[in-house]
Amino acid sequence: MTDPATLTDARPGTGFAVRLAQSRAEIEAAQRLRYAVFVEELGGDGPMVDHAARLERDRFDPFFDHLILTPEDAPGEVVGVYRLLRSDAAARAGQFYSEDEYDLDPLKRSGRRLLELGRSCLHPDHRGGAALYALWQGLADYVFAHRIEILFGVASFHGTDVARLAAPLSLLHHRHLAPEPLRVRARQFQPMDLLPEATLDRRAAMLQVPALIKSYLRMGGFVGEGAFVDHAFNTTDVCLVMDTARLDGSASARYTKGRL
């Protein structure tokens, strides 16, 4: 587990605090929020999901750092979560979580410091605004403390009907495809270039893109080649890649205080 001193706790002006989970109880609180969002709200499932205890978990949880968001006036209540996996922890786990879905060789060959992001979610009462801002500030502190150079991870559209997602997937492919040196590729390859770029209503297509993906794109993130349809989790996944050397300065400075 990462030294909690690498993160400040309270986020002034937000009403929230961010820290790394330091106990089994805190990790289970994170898994309980994940269950509420990914299982109850979005219809996901998996071999290690504990429906009796209402915990969404998997074999990778012991290897991840768990970044948790709590209200300052209710410090025992977890309302936001990020899972964070550095290369050394991935080696102990035997792989990165997203390697089941994407060929990550371009990133692993880069020789740069990698961080995998996953299971990001917020309680419905705290989505957007100050909560997301505080959570991303905590993530920025972690990235700075560990000198991370490339962030990546799968992000999801709800549902597995690719035809319904043709417009937003095509928009991501045509306008936000990662440069070749960072272009990871889906293993069970679902093409994303389903519609010609000239036929897209870009504004309408972007409205279908989940808010988290849009936030990464605004900061200068890219998507890998191809989507992965996860029937067990009831999602269609894309792999997001962010190179800290390429981040949009004005967009990222809001969260990073200009340190990345």
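**Entry 1. Confidence**

I began with the spread of confidence along the chain: helix 8 (residues 249–256) is lowest, at a mean of 52, and strand 8 (residues 185–186) is highest, at 98. The model is a predicted one. For the chain I noted a mean pLDDT of 89, with 92% of residues at 70 or more.

**Entry 2. Largest pocket**

I turned next to open space. The largest pocket holds about 840 Å³. I listed the residues closest to its centre as Phe38, Ser120, Cys121, Ser156 and Leu212, out of 37 that line this pocket. Two or more lining residues come from each of helix 1 (24–41), strand 6 (114–122), helix 4 (129–145), strand 7 (150–158), helix 7 (211–218) and strand 11 (235–243). Which element gives the largest share of this lining? I found that strand 7 does, with eight residues. By residue class, I recorded the lining as 23 nonpolar, seven polar and seven charged.

**Entry 3. Second largest pocket**

I then looked up the second largest pocket, with a volume of about 350 Å³. Its lining has 18 residues, and Pro47, Asp58, Tyr97, Asp100 and Arg119 are the closest to the centre. I noted nine charged residues in this lining, alongside eight nonpolar and one polar.

**Entry 4. Nonpolar cores**

I looked up the largest nonpolar core and found 40 residues in it. The residues with the most contacts inside this core are Leu69, Tyr82, Leu115, Ile213 and Val238. Helix 4 gives the most to the core, eight residues; I had already met helix 4 in the lining of the largest pocket.

I followed one core residue further. What does Ile213 touch beyond its neighbours within four places in sequence? I recorded contacts with Ala155, Ser156, Phe157, Leu172, Val238 and Leu240. Of these partners, Val238 is listed with Ile213 among the core residues with the most contacts, and Ser156 is one of the residues closest to the centre of the largest pocket.

I also noted a second, separate core of 23 residues, with Phe64, Ala89, Ile150 and Ala186 among them.

**Entry 5. Helix 5**

Why is helix 5 (residues 166–176) largely enclosed by the rest of the structure? I attribute this to burial, because eight of its eleven residues are buried. I listed the buried residues as Ala166, Ala167, Pro168, Leu169, Ser170, Leu171, Leu172 and His173. Leu172 had already appeared in my notes as a contact of Ile213. The cover over the buried residues of helix 5 includes strand 7, helix 6 (202–207), helix 7, strand 9 (222–223) and strand 11. I had also entered strand 7, helix 7 and strand 11 as contributors to the lining of the largest pocket.

Terms used:
Residues numbered from 1 in each chain as written. Predicted model: local features only at pLDDT ≥ 70, side-chain atom pairs only at ≥ 80, totals over all residues. Heavy atoms only, no water. 1 Å grid on protein atoms, 1.4 Å probe; cavity = no way out; pocket = protein on both sides within 12 Å on 5 of 7 lines; lining within 4 Å. Points joined across faces, edges and corners; volume = space filled by probe spheres on them. Helix = DSSP H or I, 4+ residues; strand = E, 2+ residues; numbered from the N terminus. Nonpolar A, V, L, I, M, F, W, Y, C, P; charged D, E, K, R; others polar. Core = buried A, V, L, I, M, F, W, Y, C linked by side-chain atoms within 4.5 Å. Buried < 20%, exposed > 50% of the residue type's maximum accessible area, 1.4 Å probe, protein only. Contact = heavy atoms within 4.5 Å. pLDDT = per-residue confidence, 0-100.
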